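Hi,

Here is the structure I promised to pass on. Have a look at it first, and then read my notes underneath.

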Amino acid sequence: MTIEILEQEALTEIQAASSTTALRELELKYLGKNGLVSGLMKGIGTLTPEERPAYGQKVNLCRAKVQETHDTQLQRLKAAEREVQFQHERIDVTLPSRPLRRGREHVLGMTMSKIKRVLGSMGFVYYDGPELEDFDFNFSELNYPPDHPAMDAQDTFYITDETLLRTQCTAIQGRVFGTVHPPLRYFTVGRTFRNEAVDRTHSHTFHQVDCFMVDEGISMAHLKGTLGVFARAMFGPEVKVRFRPDFFPFVEPGVDYAISSPKLFGGKWVELGGAGLIHPNILERHGIDTERYTGFAFGLGVERIPMMAYGIDDLRNFMENDLRFLEQYS
Ligand code: FA5
């Protein structure tokens with residue numbers, strides 16, 4: 001094929017290319033290392049030495065022409081393709097927006113806000129403890145004997161031997177006693193974790209309130225009075241509180257407490273949590289004079305409160321994020 005014919009064909013094809021992809025193929029076909037224009041040079045060997053410079057020049061001119069036509073066409077096609085893409089991505093700013101769904105606070109969030117308001121109004125100071133807790137604050141500082149079954153790996157998510165996901169909010173006690181001196185009133189509300197099989201009333205992740213005060217002359221009567229005010233604020237003015245003996249290493253005496261109200265479960269007693277007078281060992285460990293000071297502490301599961309107040313029978317509902325469930329509570 002002569003240089004002229006090849007050039008003519010190349011220019012015609014390049015100018016007819018309808019996309020940058022097609023053009024890329026033509027570039028390879030004509031201008032690539034093994035392309036047709038480069039191929040012309042191979043014929044130079046058959047020419048006489050006198051003919052060679054003129055032939056070489058013609059091939060170079062041909063290459064320059066094809067290259068230039070290719071470059072121009074490439075710019076044209078790129079601009080055209082950009083335009084198509086712009087059209088495709090064009091946003092009609094005059095369209096009306098989709099209506100926004102109005103959110104609401106999660107029923108557990110609402111419960112925790114209410115707990116904070118109630119205990120805050122009773123003079124308790126909110127303390128935010130870490131969920132990733134030291135073994136010592138979660139157990140040893142709370143007077144657990146070294147072989148207590150609650151510290152078993154069965155119940156607890158250990159991160160290292162020394163750190164774990166706190167199993168109870170009572171863990172803040174050691175943190176508070178280490179920095180604040182009595183008289184003091186503190187509480188926390190937060191997430192707790194236990195390695196439990198999940199069922200309707202147990203989760204591996206749940207929430208607790210923990211509340212305590214230390215002052216001169218604090219007795220079980222103060223505990224019962226405080227729990228009564230708290231329970232009535234949470235559940236209504238008819239609520240009564242009942243204590244029964246129970247054991248927790250960090251209280252002495254220890255109780256579990258239940259509430260009853262004609263408006264809840266037909267007046268049946270329903271257990272809410274644990275409580276008691278803070279064990280003197282804990283106070284002494286922090287240099288608090290136990291002849292002068294005593295304290296009470298109580299704790300309960302946050303999920304319990306809306307479960308009782310609204311008759312929710314499965315605590316897994318709180319975590320599943322099903323709007324049909326969540327929208328019922330506002
Ligand atoms: C405690 O955790 C003590 N720290 C409470 C306490 C504080 C006692 C201060 C004395 C003084 P207990 O393990 O019983 O106690 O848990 C307290 C509440 O947390 C339970 O009544 C329950 O409502 C809730 N709870 C415990 N485990 C789970 C779980 N797996 N899922 C949901 N709620 C739970």
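Below is what I found, going from the domains to the helices, the pocket and a few backbone details.

Before you start, keep in mind that this is a predicted model, where local features need pLDDT of at least 70, side-chain atom pairs count only at pLDDT 80 or more, and totals for chains, interfaces and linings use all residues. Residues are numbered from 1 along each chain as its sequence is written, and side-chain values use heavy atoms, with hydrogens and water left out.

The domain assignment splits the chain into domain 1 (3-88) and domain 2 (107-329); such bounds come from an automatic or database assignment. Taken over C-alpha atoms, the centres of the two domains are 81 Å apart.

Now the helices. Names like α4 or β8 are DSSP runs numbered from the N terminus: helices are H or I with at least four residues, strands are E with at least two. Helix α4 covers residues 52-89, and its 38 residues should span 56 Å at 1.5 Å a residue; the end C-alpha atoms are 54 Å apart, which agrees. (The expected span is 1.5 Å times one less than the number of residues.) Among the buried residues of α4 are Tyr55, Val59, Cys62, Val66 and Leu77, where buried means under 20% relative accessible area, exposed over 50%, and partly exposed in between, with a 1.4 Å probe and protein chains only. An α-helix has 3.6 residues a turn, so residues three or four places apart point the same way. The cover over the buried residues of α4 includes α1 (3-16), α2 (20-31) and α3 (36-42), with contact meaning heavy atoms within 4.5 Å.

Helix α5 (residues 107-121) has 15 residues, which should span 21 Å, and its end C-alpha atoms are indeed 21 Å apart. Its buried residues include Val107, Leu108, Met112, Ile115 and Leu119. Among the elements covering them are β4, β5, α8 (220-235) and β9. Just after α5, Gly123 has a positive phi of about 95 degrees.

Next, the largest pocket, with a volume of about 1100 Å³. A pocket here is an open set of points on a 1 Å grid over the protein atoms alone, where a 1.4 Å probe fits, with protein on both sides within 12 Å along at least five of seven lines; lining residues have an atom within 4 Å of a point. Points are joined across faces, edges and corners, and the volume is the space filled by probe spheres set on them. The lining has 44 residues, and Arg194, Phe206, Gln208, Gly273 and Gly301 lie nearest the centre. Strand β8 gives the most, seven residues. The lining divides into 21 nonpolar, 14 polar and nine charged residues; Ala, Val, Leu, Ile, Met, Phe, Trp, Tyr, Cys and Pro count as nonpolar, Asp, Glu, Lys and Arg as charged, and the others, Gly among them, as polar.

Finally, the backbone. Pro182 and Pro183 are joined by a cis peptide bond, omega near 5 degrees, and Pro183 sits in the loop between α7 (172-177) and β4 (184-193). The bond between Glu252 and Pro253 is also cis, with omega about -5 degrees; Pro253 belongs to strand β7 (residues 251-260). Asn143 has a positive phi of about 70 degrees without being a glycine, and is buried at 16% relative accessible area. Asn321 has a positive phi too, near 60 degrees, but counts as exposed at 56%.

Cheers
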